[in-house]
Amino acid sequence: MGETTQIKTVCGYCGTGCGLVLDIVDNQIVKIRGDKAAPVNKGQTCVKGGFAYKYVHAPSRIKSPLIRKEGKLVQATWEEAYNLIADRLSSIKNDFGPESITMFACARTTNESNYITQKFMRTAIGSNNIDGCNRT
Amino acid sequence: MGSNTTEAHPIIGNKIKKAAKSGLKVIVVDPRRIDIVKSAHRHLQIDVGSDIALMNAMMHVIIKEGLYDEQFILQHTDEFEKLKNQVELYTPEFATHITGLSTEDIIETAREYANAEKSMIAYTLGITEHHCGVNNVFDIANLALLTGQIGRLGTGIMPLRGQNNVQGAGDMGCLPNQLTGAASIADEEYRKRFETTWNIEISAKIGDTQTRTFERIGEGEVKALYIIGENPLLADVHMNHTRELLKKLDLLVVQDIFLTETAEYADVVLPAKSWGEVDGTYTNTDRRIQRVRKAVEAAPDVKEDWEILCELSTRLGYPMQYENSEDIWNEVRMLAWEMYGGISYERLEKEYSIHYPCPNEGHPGTKILHAGFHREEVGGKVSSFVPVEYTSPLELPDEDYPFTLTTGRRLESYNTHSQTRFYADGVKIRQKEETVDIHPEDAVRLGILDGSLVKVSSRRGELKVKAKITEQVVPGLVFMSFHWSEVPTNVLTLNEFDPISGTAEYKACAVQVEPVLDQ
């Protein structure tokens, strides 16, 4: 077993924003504690934030792009996936206009990724058809 | 109001429980006898969807007894007469018939809310997930304005956000009507600022909400849908309908960490990095910006959300390139400087969290958003009361479907459960599968035993699920969560939406519950 390193971060479940300290061994999260220095939770965690972290290392994570071929999703390279999406989006935009394309953003990802998501939609696509799961 | 705090926001629940022990008066408004009721000074166990009748009656009492803040109303509000007229009809006696509450409880709650030195209303999806969700929120704001319970420490309106960065996603501009910094897309000057930096013309046409998107897919107008980290098939109302719509698309792209139920219908699935594998910031429920940090290396062929979009954008003819998340954040700070200008990564390292608005490096951040209400400014902006009328849930129980189904979350699970399936070893989980929570009186009447299989059906679909007999619900009301794909509760729910927000009426639909005899 390798050395334990500690990383401070913020919980990814609900909107409370609890500060956490993660113990990392051999590139795996092995333990999570509430960060005592965190202004929101002062060291506390709930059962989800403290223990429901193994999904990060789950074998069922998707590890490469998938493309539908003859009805089935099969493994593909990023190059193939990008080309397919770019071709289809371009032709849909050409034929039906930017309003025929919509994006659902993610309320779980970072501010930075969300900024890029809406920038992508408003520049590369040219539409304001962007919304999130904030209504569900 | 409408917040199962100890299960959906456990740490906020802990704070409320602790404060209750030191004398904070907690009033819980919820149709179920949820855990936080144990810490409550009063539980208003209202009928599902009757919040406006309760609040209008509270305002009726506050006005009639002269408990409102006259000075505050004069200085900071508009349309008080209109509000007065609207709530005139809502006597406590009238509201009793709609809400199922006693007149004493309504009157006492009104007096306590208005008379307390500091009152705060916290709410969650029990308020918003109705066809009248926006009106519910307007009425909360009406109460706060009427009594001046806003803009001071310990007062205000506190929507408890269900997702780690749902506040941030909206603030960043992932909304059809808003640009980064929560400014309207119709604001020409603000749009110009982005057009100059982005070097492209931005459409001023307000885009589609998620709800409207599904309608337009049905009408054949939306051909391509790109979904990031979301599982609408399981999470949205009327699942059988959602499935048909997804199949209609010419192109469905899903970017996620797991092959979700929605991803199964995709033409292309892109593997994204997850929490723990990325750097950046989140915005929490009280507007704090905080740093999230990369803790582990992701698998080699998995990419970060922004990285994927930049590469795709470049291929589509609009090149985007950034060094790292800080590089992106600095663009956000530059463009939406009124909100984030002073919130640098460097400061966040030192200060842990900063509340926006924080326009410059010398600014401490803004802990109380509406403090302006209490400054002696003449000619400032006034806030209008928005009087609203009570409307009953759109599908009421009847002879064929005699129960009201209300839906929500459970402590140990999260949304469509793609992440909370993976707990650390040795954690004892109380609820490992879905149940329909039903009152003992109903269970006895129908011959349903605790843990036995029952059929729950609505006009839109049906499913089989184990019964949990509990006094958390009242007779005639059943409860389910939407966590388990094995029991997809949203085959039952109603596809009716708030006309302004597009939020669906998850909290009320009519169902039938029958024992499954052949078990």
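These legends walk through several close-up views of a predicted model with chains A and B.

**Figure 1. Where chain A meets chain B.**
Let's start with the meeting of the two chains. In this view, 88 residues of chain A are in contact with 114 residues of chain B. Which helix gives the largest share of chain A's side? That's helix α3 of chain A, residues 111-125, which supplies 13 residues. If you sort the residues on chain A's side by type, you get 46 nonpolar, 29 polar and 13 charged.

**Figure 2. A seven-stranded sheet built from chains A and B.**
Here's a sheet that draws its strands from both chains. Reading across, the order is β5(A)-β4(A)-β10(B)-β9(B)-β8(B)-β6(A)-β7(A). The sheet is open, and the pairing is mixed. Which strands stand at the edges? They are β5 and β7 (residues 130-131) of chain A; each has a single partner strand, so one side of each is left without a neighbour in the sheet. As a bit of background, strands of a sheet pair through backbone hydrogen bonds, either parallel or antiparallel.

**Figure 3. Strand β4 of chain A and its two partners.**
Zoom in on β4(A), residues 66-69, and look at what sits on either side. Toward chain B, two bridges join β4(A) to strand β10 of chain B (residues 268-271), and these strands run antiparallel. Within chain A, β4(A) pairs with strand β5 (residues 72-75), also in the antiparallel sense, over four bridges. Leu66(A) is a handy residue to look for here. It stands opposite Val269(B) in β10(B), and opposite Gln75(A) in β5(A).

**Figure 4. The hairpin turn at Glu70(A).**
How many residues lie between the strands in the hairpin of β4(A) and β5(A)? There are two. Now find Glu70(A), which lies in the loop between β4 and β5 of chain A. Its phi is near 50°, a positive value in a residue other than glycine.

**Figure 5. The other end of the seven-stranded sheet.**
Now jump to β6(A) and β7(A), which come last in the strand order as listed. Strand β6 of chain A covers residues 101-104, and it pairs with β7(A) in the parallel sense over two bridges. To spot the pairing, look for Met103(A): its bridge partner in β7(A) is Ile130(A).

**Figure 6. A helix from each chain, crossing at an angle.**
Two packed helices are described by the angle between their axes and the distance between the axes. Here the pair is helix α2 of chain A (residues 78-96) and helix α15 of chain B (residues 305-315), with axes that come within 10 Å and cross at roughly 55°. That makes α2(A) oblique to α15(B). The crossing is right-handed. On the chain A side, Tyr82(A), Ile85(A) and Ala86(A) do the meeting, and on the chain B side it's Glu311(B), Leu312(B) and Arg315(B). Sorted by type, the residues of this contact are four nonpolar, no polar and two charged.

**Figure 7. Two helices packing within chain B.**
This view stays inside chain B. Helix α12 (residues 210-218) and helix α14 (residues 239-248) pack at an angle of about 60°, with their axes 9 Å apart. Left-handed or right-handed? The crossing of α12(B) and α14(B) is left-handed. Phe214(B), Ile217(B) and Gly218(B) in α12(B) meet Thr242(B), Leu245(B) and Lys248(B) in α14(B). That contact divides into three nonpolar residues, two polar and one charged.

**Figure 8. A three-stranded sheet in chain B.**
Three strands of chain B line up in the order β11-β12-β13, forming an open sheet with antiparallel pairing. β11 (280-283) and β13 (353-355) stand at the edges, each with a single partner strand, so one side of each is left without a neighbour in the sheet. From one strand to the next, the twist averages 30°. β11(B) and β12(B), residues 288-292, pair over four bridges. Look for Thr283(B), whose bridge partner in β12(B) is Ile289(B).

**Figure 9. A cis peptide bond in chain B.**
Which residues does the cis peptide bond join? They're Tyr356(B) and Pro357(B), and omega is about -5°. Pro357(B) lies in the loop between β13 and β14 (383-384) of chain B.

**Figure 10. An annotated stretch of chain A.**
An unreviewed UniProt entry places the annotation "domain: 4Fe-4S Mo/W bis-MGD-type" on residues 4-60 of chain A. In the model, this stretch is 9% helix and 37% strand, and its end C-alpha atoms are 25 Å apart.

How values were computed
Residues numbered from 1 in each chain as written. Chains lettered and ligands numbered in written order. Predicted model: local features only at pLDDT ≥ 70, side-chain atom pairs only at ≥ 80, totals over all residues. Contact = placed C-beta atoms within 7 Å. Nonpolar A, V, L, I, M, F, W, Y, C, P; charged D, E, K, R; others polar. Pairing = 2+ DSSP bridges. Axes fitted to C-alpha atoms, helices over the stretch in contact; angles between N-to-C directions. Left-handed = near helix turned anticlockwise from the far one by under 90°. UniProt positions renumbered as here; feature names shortened; annotations may be inferred. Parallel < 35°, antiparallel > 145°, perpendicular 65-115°, else oblique.
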